[in-house]
Number of protein chains: 4
Amino acid sequence: MIRAAVYGAAGYGGAELLRLLLLHPDLEVRQATSRDPGRAVDQVHPGLRGLTDLVLEPSDPEVLAPELDAIFLALPHGESAAVVPRILARCPGARVYDLAQDFRTGHEAEGWVYGFPELNRDALGEATRVACPGCFATAILLATVPAIACGDVPLRVIVDAKTGSSGSGSTPSAGTHHPARAATHRAYKVFGHQHETEIAAVWERLTAGNAPPLSLVPQSTPLVRGIYACCYVIHAAPPTDPAAWYRRFYAPSPFVRLVEEPPNVLNVRGTNNADLYVRQDGPVTLVIAAIDNLVRGAAGQAVQCLNLGFGMPEDRGLRLPALVP
Amino acid sequence: MIRAAVYGAAGYGGAELLRLLLLHPDLEVRQATSRDPGRAVDQVHPGLRGLTDLVLEPSDPEVLAPELDAIFLALPHGESAAVVPRILARCPGARVYDLAQDFRTGHEAEGWVYGFPELNRDALGEATRVACPGCFATAILLATVPAIACGDVPLRVIVDAKTGSSGSGSTPSAGTHHPARAATHRAYKVFGHQHETEIAAVWERLTAGNAPPLSLVPQSTPLVRGIYACCYVIHAAPPTDPAAWYRRFYAPSPFVRLVEEPPNVLNVRGTNNADLYVRQDGPVTLVIAAIDNLVRGAAGQAVQCLNLGFGMPEDRGLRLPALVP
Amino acid sequence: MIRAAVYGAAGYGGAELLRLLLLHPDLEVRQATSRDPGRAVDQVHPGLRGLTDLVLEPSDPEVLAPELDAIFLALPHGESAAVVPRILARCPGARVYDLAQDFRTGHEAEGWVYGFPELNRDALGEATRVACPGCFATAILLATVPAIACGDVPLRVIVDAKTGSSGSGSTPSAGTHHPARAATHRAYKVFGHQHETEIAAVWERLTAGNAPPLSLVPQSTPLVRGIYACCYVIHAAPPTDPAAWYRRFYAPSPFVRLVEEPPNVLNVRGTNNADLYVRQDGPVTLVIAAIDNLVRGAAGQAVQCLNLGFGMPEDRGLRLPALVP
Amino acid sequence: MIRAAVYGAAGYGGAELLRLLLLHPDLEVRQATSRDPGRAVDQVHPGLRGLTDLVLEPSDPEVLAPELDAIFLALPHGESAAVVPRILARCPGARVYDLAQDFRTGHEAEGWVYGFPELNRDALGEATRVACPGCFATAILLATVPAIACGDVPLRVIVDAKTGSSGSGSTPSAGTHHPARAATHRAYKVFGHQHETEIAAVWERLTAGNAPPLSLVPQSTPLVRGIYACCYVIHAAPPTDPAAWYRRFYAPSPFVRLVEEPPNVLNVRGTNNADLYVRQDGPVTLVIAAIDNLVRGAAGQAVQCLNLGFGMPEDRGLRLPALVP
């Protein structure tokens with residue numbers, strides 16, 4: 001049994017990690033931490049009752065058991081960078097899976113691997129420090145990597161990406177205030193979302209520094225869970241059978257399904273699955289990716305990386321049904 | 001033209017007052033204030049664009065024009081009490097309509113009238129200081145006053161009352177965080193809601209101090225607008241035709257409709273209407289009241305009181321269609 | 001391994017049965033039927049992909065394998081009665097779990113047991129024909145059986161019960177049309193819901209024919225999943241510590257949790273759990289029950305009955321986390 | 001007073017026409033028809049109570065008063081074509097405003113004018129037969145006409161357009177079943193929506209037959225009201241200040257607002273306003289249009305056309321506040 005801890009377990013990312021890890025057949029959650037410790041986990045997350053007797057411990061590396069095999073971090077962006085060195089000093093044998101953006105780009109020299117399994121499967125088998133992609137980045141990379149990697153480099157990629165409110169985390173804010181959000185559709189951070197950096201980093205690697213420009217328009221919807229990324233890949237000339245790139249690229253990937261009808265984000269809710277849809281209109285290849293931002297875009301992808309890291313099948317403990325309706 | 005001001009115009013109550021007052025044919029909104037002044041009203045409330053050029057002024061009585069005829073206050077509970085004396089000193093000729101709970105009970109000696117028009121129509125014609133009822137209190141009083149006033153005093157009244165999220169105001173909080181609220185149904189303040197006091201005060205008056213006990217169970221729903229109060233009035237013996245009490249009591253009331261089918265809160269959205277449904281099951285008389293908490297439960301009722309105070313028809317400027325669907 | 005079939009697998013009840021049964025460690029789903037057969041199960045229910053290769057067969061008893069051990073029926077009300085004799089003739093060794101209302105009352109002589117495990121645990125161990133309770137009945141019985149069974153017989157029980165839209169099934173109708181339902185709160189079948197019969201039947205048994213009158217007011221909310229039943233049990237005199245009745249009655253029940261704060265229906269979403277809250281106000285005992293109508297109110301309860309019938313722990317395969325948020 | 005009738009008044013388009021027309025100061029609704037006649041209008045549309053005593057008449061041209069000045073048709077697509085000749089024969093002096101798609105393209109020779117006021121203002125002043133645009137077409141034309149008309153002809157236009165459920169009308173269907181729609185985001189009719197034809201017809205006219213190709217991806221969201229069209233206009237070279245085209249083109253248009261921040265569809269709910277946002281990213285010009293599909297995308301636009309046709313200010317009776325939140 002893999003001995004694991006969730007560091008920062010009170011938010012949505014932490015809750016989702018616990019939901020998945022408590023059901024994982026080869027892993028035992030030994031510890032869960034919070035900056036507001038002392039409460040039972042199933043008091044903070046009543047949906048987990050009957051599954052755990054854990055009590056939240058302080059988010060202090062000193063409380064971690066040195067023999068831990070795996071530590072998941074679900075901290076606000078910016079907090080992981082400060083605490084990871086102390087965690088690694090305390091638990092030198094542990095593999096670390098970080099959900100924040102702190103180590104996603106520019107930290108390869110320190111041994112960090114970008115936790116995008118469909119592209120980095122081999123590296124993740126060896127990795128002891130894994131920086132898990134952001135939710136938008138996950139959806140957009142799933143939708144674009146085959147086109148970037150397999151065909152001519154596109155002239156440009158336009159991404160019209162919609163997200164549910166849980167992607168903003170568990171802290172209330174004006175943008176997630178229920179009266180304001182319930183009947184809203186609104187773009188934000190137009191052409192300036194922070195996930196552009198990690199997407200570009202992958203694309204640069206795949207094109208030897210020749211990545212196409214990205215025009216990203218994120219949008220808030222009344223969904224709670226889900227990302228629906230419509231990616232318009234524009235080539236100089238109509239490509240020949242782009243869907244074939246996707247079939248080939250994702251043949252070994254248990255979580256990616258190429259669908260014949262446009263996907264519905266409801267059908268992946270609660271799962272690590274990604275539904276992809278590919279359609280061509282002359283030089284424009286539309287690829288739609290539908291994922292659950294908290295699972296495939298966060299906690300589930302981290303568990304998928306852990307499975308690879310511990311030599312298990314990629315989908316161990318992650319073959320979950322969606323909650324529909 | 002009545003010269004009016006909205007004091008505290010940036011929140012939901014203030015926005016709704018402006019929505020109604022800007023359309024009122026006999027009134028002109030001269031001023032609107034906020035603790036965060038300087039912005040155009042239609043920038044803070046983009047839904048009002050094309051209807052006003054007002055700019056928010058500071059919430060300081062000194063900015064008010066002394067010749068104002070009517071001042072509406074839409075401040076957080078507790079703030080009205082401090083500022084009203086200064087406002088009255090500044091604008092001695094103005095009638096004041098306060099949406100907060102500060103003056104609803106215990107301030108009759110200072111001249112405050114409870115702004116429940118269906119009961120206090122005559123007093124409101126004279127009143128210069130009006131304390132408008134809370135949203136739950138409005139729905140529950142509409143549903144129970146005829147039974148309390150017309151029949152034998154009931155043994156007890158049980159109220160199962162549901163509210164949309166806008167009733168909590170425009171400040172984000174854990175209970176109105178979209179991911180948490182969107183699929184929620186949850187009771188709160190069981191047998192202990194602050195509106196019980198003002199309901200009891202009315203009932204005591206109607207029964208000469210012999211009011212029945214009230215068991216009130218407020219509940220949060222995923223609605224944005226709306227209160228749906230199911231009131232179970234329990235008599236010692238089955239009353240004879242309680243629906244007749246309601247037909248008689250509300251005969252002169254343009255906003256109250258007695259419906260034959262159970263009401264749907266959607267059908268009063270955006271309006272000052274109250275749909276009431278009366279059904280008897282032995283000694284239990286069920287009365288359901290459906291209102292829009294921001295209109296009939298707040299801003300619209302205040303305008304209704306103003307209409308009475310200025311000698312206009314009660315529904316002047318308030319004959320609005322609901323927004324359906 | 002228990003060999004099971006789902007008869008009528010294309011609707012919401014059938015989908016939920018499959019979601020639970022496909023994860024059950026001691027059971028294998030051998031067959032699934034539909035009146036529109038020929039499609040893969042995971043095409044009809046895309047949320048189940050990766051979990052099953054089943055193809056829908058015709059809903060004809062002749063297609064069932066005679067050696068089946070358990071058959072679940074998820075048919076429209078009225079259709080079970082016609083087909084069950086033919087199913088039993090075809091599969092004489094199978095236990096039958098029916099989700100419709102056809103056999104819930106008046107069929108005890110034919111061997112039907114009412115599938116309410118917390119009350120009928122022993123009988124369900126022997127039962128080969130189980131009529132599973134309706135969703136409202138489940139919530140209301142969970143909330144009232146201890147009060148009916150343990151204390152003096154109440155004078156009356158008032159139930160204010162709210163349901164999500166999935167309780168109406170997968171067939172579109174005016175009441176579940178999205179534009180009409182999304183901002184709705186509306187009562188229906190006031191004092192006349194069909195579940196009153198099965199509730200009364202249980203109460204009559206517990207009181208030796210002296211059951212209290214029930215005033216039931218069902219209500220439609222914008223929830224998709226969930227029942228939130230507020231039950232007001234009215235005694236002649238204030239009972240002494242009614243919460244103790246509930247603690248005692250549900251001590252052996254793994255799915256019932258007595259909560260200190262009012263429950264939130266979101267916290268049981270996707271699970272077989274029931275959260276109960278007990279509060280007293282003089283002679284009125286409020287008991288709130290929050291359940292997921294498709295799990296505890298339908299498919300999950302049926303699996304719970306099967307577990308008892310096959311000598312397994314009641315919660316075998318049913319210890320599920322809620323999907324929150 | 002203009003004497004008007006609404007033909008087909010029981011659906012969402014008819015209800016919205018009535019909501020607007022009953023408030024119009026220069027128009028009187030004389031008749032309203034339905035294929036299910038005999039009921040009071042405010043019984044079918046309870047949100048209109050207090051505003052009208054009309055009773056639905058049969059949808060038969062013979063019931064129309066010959067002296068009507070204006071007739072609005074809100075029939076299912078395909079039904080207008082059959083009935084319009086009979087209506088015109090019955091009421092030869094009436095101007096006709098049709099909300100269906102029957103006459104939008106290919107009927108210019110019969111005198112039909114496309115009811116898009118910002119482009120056809122002069123023609124609408126004379127028109128007696130007006131075919132009002134579809135909701136998607138309205139949003140997309142508002143967002144693209146200035147770019148098509150003012151700059152070089154683009155290479156291509158990609159439109160990622162989202163719609164609320166009310167756009168599907170008042171008849172229940174699988175796609176608008178509440179449990180299925182409430183947490184859905186799903187594309188449909190990809191590259192094949194029926195509104196492409198009317199958009200192309202306008203573009204062809206503006207470019208003398210040289211219109212750019214359109215790649216349109218319609219999407220269903222959990223909104224009830226609203227269209228949010230993100231239009232990516234791709235030029236061969238980065239255009240110079242495309243926002244200036246929009247400022248110039250819409251200078252005389254009271255309903256179009258160019259906003260500095262990305263629009264929120266909530267802020268136009270219930271109004272005839274269109275919020276437009278223009279941003280450039282090299283050769284890509286993003287234009288977002290946010291409208292209410294039932295007002296600006298249907299009934300409101302028809303009233304706007306009527307105002308022009310009867311020589312009134314374009315916004316007569318249409319200066320409405322949005323319902324927020």
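Begin between chain C and chain A, where the count is two salt bridges (a salt bridge being a side-chain nitrogen of Lys or Arg within 4 Å of a carboxyl oxygen of Asp or Glu). This is a predicted model, in which local features need pLDDT of at least 70 and side-chain atom pairs count only at pLDDT 80 or more, while totals for chains, interfaces and linings use all residues. Residues are numbered from 1 along each chain as its sequence is written, chains are lettered from A and ligands numbered from 1 in the order in which they are written, and side-chain values use heavy atoms, with hydrogens and water left out.

**Stop 1: chain C against chain A**

Select C:Asp275 and A:Arg49. They form a salt bridge, with the closest N and O atoms 3.0 Å apart. Next, show the polar contacts. Twelve residue pairs make one across this interface, both partners at pLDDT 80 or more. A polar contact is a pair of N or O atoms within 3.5 Å; within protein, one must be able to donate a hydrogen and the other to accept it, and residues adjacent in sequence count only if both atoms are side-chain atoms.

Now colour chain C by element. Helix H1 (12–21), strand S12 (256–258) and strand S13 (274–281) of chain C each give two or more residues to the side that touches chain A. Helices (H or I, at least four residues) and strands (E, at least two) are DSSP runs, numbered from the N terminus. H1(C) gives the most, with three residues. By type, that side of chain C divides into 17 nonpolar, six polar and nine charged residues. Here Ala, Val, Leu, Ile, Met, Phe, Trp, Tyr, Cys and Pro count as nonpolar, Asp, Glu, Lys and Arg as charged, and the others, Gly among them, as polar.

Widen the selection to the whole contact (heavy atoms within 4.5 Å). It takes 32 residues from chain C and 32 from chain A. The two chains bury about 2,500 Å² between them, 56% of it on carbon and sulfur atoms. Buried area is the accessible area (1.4 Å probe) that two parts lose on being put together, summed over both. Pick C:Arg49, C:Leu323 and C:Pro325: they supply 30% of the area that chain C buries against chain A, more than any other three residues.

Superpose the pair. A turn of 180° and a shift of 0.0 Å along the axis lay chain C on chain A with an RMSD of 0.0 Å. The fit is by least squares on the C-alpha atoms of residues with pLDDT of at least 70 in both copies. Which C-alpha of chain C is nearest the axis? That of C:Leu323, 3.9 Å from it. The same surface serves both copies, as 100% of the contact residues of chain C recur in chain A.

**Stop 2: chain D against chain A**

Move to chain D. Here 41 of its residues are in contact with 40 residues of chain A. The buried area is about 3,200 Å², and carbon and sulfur atoms give 66% of it. Select D:His185, D:Phe191 and D:Tyr232, which supply 19% of what chain D buries against chain A, more than any other three residues.

Zoom to A:Lys162 and D:Asp160. Their salt bridge has its closest N and O atoms 2.9 Å apart. Four salt bridges are found across this interface, along with 14 residue pairs in polar contact. Several elements of chain D give two or more residues to this side, including helix H6 (178–181) and strand S8 (156–163). S8(D) gives the most, with five residues. The residues on this side of chain D are 27 nonpolar, seven polar and seven charged.

Last, superpose chain D on chain A. A rotation of 180° with 0.0 Å of shift along its axis does it, at RMSD 0.0 Å. The two copies are thus related as by a two-fold rotation axis. Of the interface residues of chain D, 98% are also interface residues in chain A, so the copies meet through the same surface.
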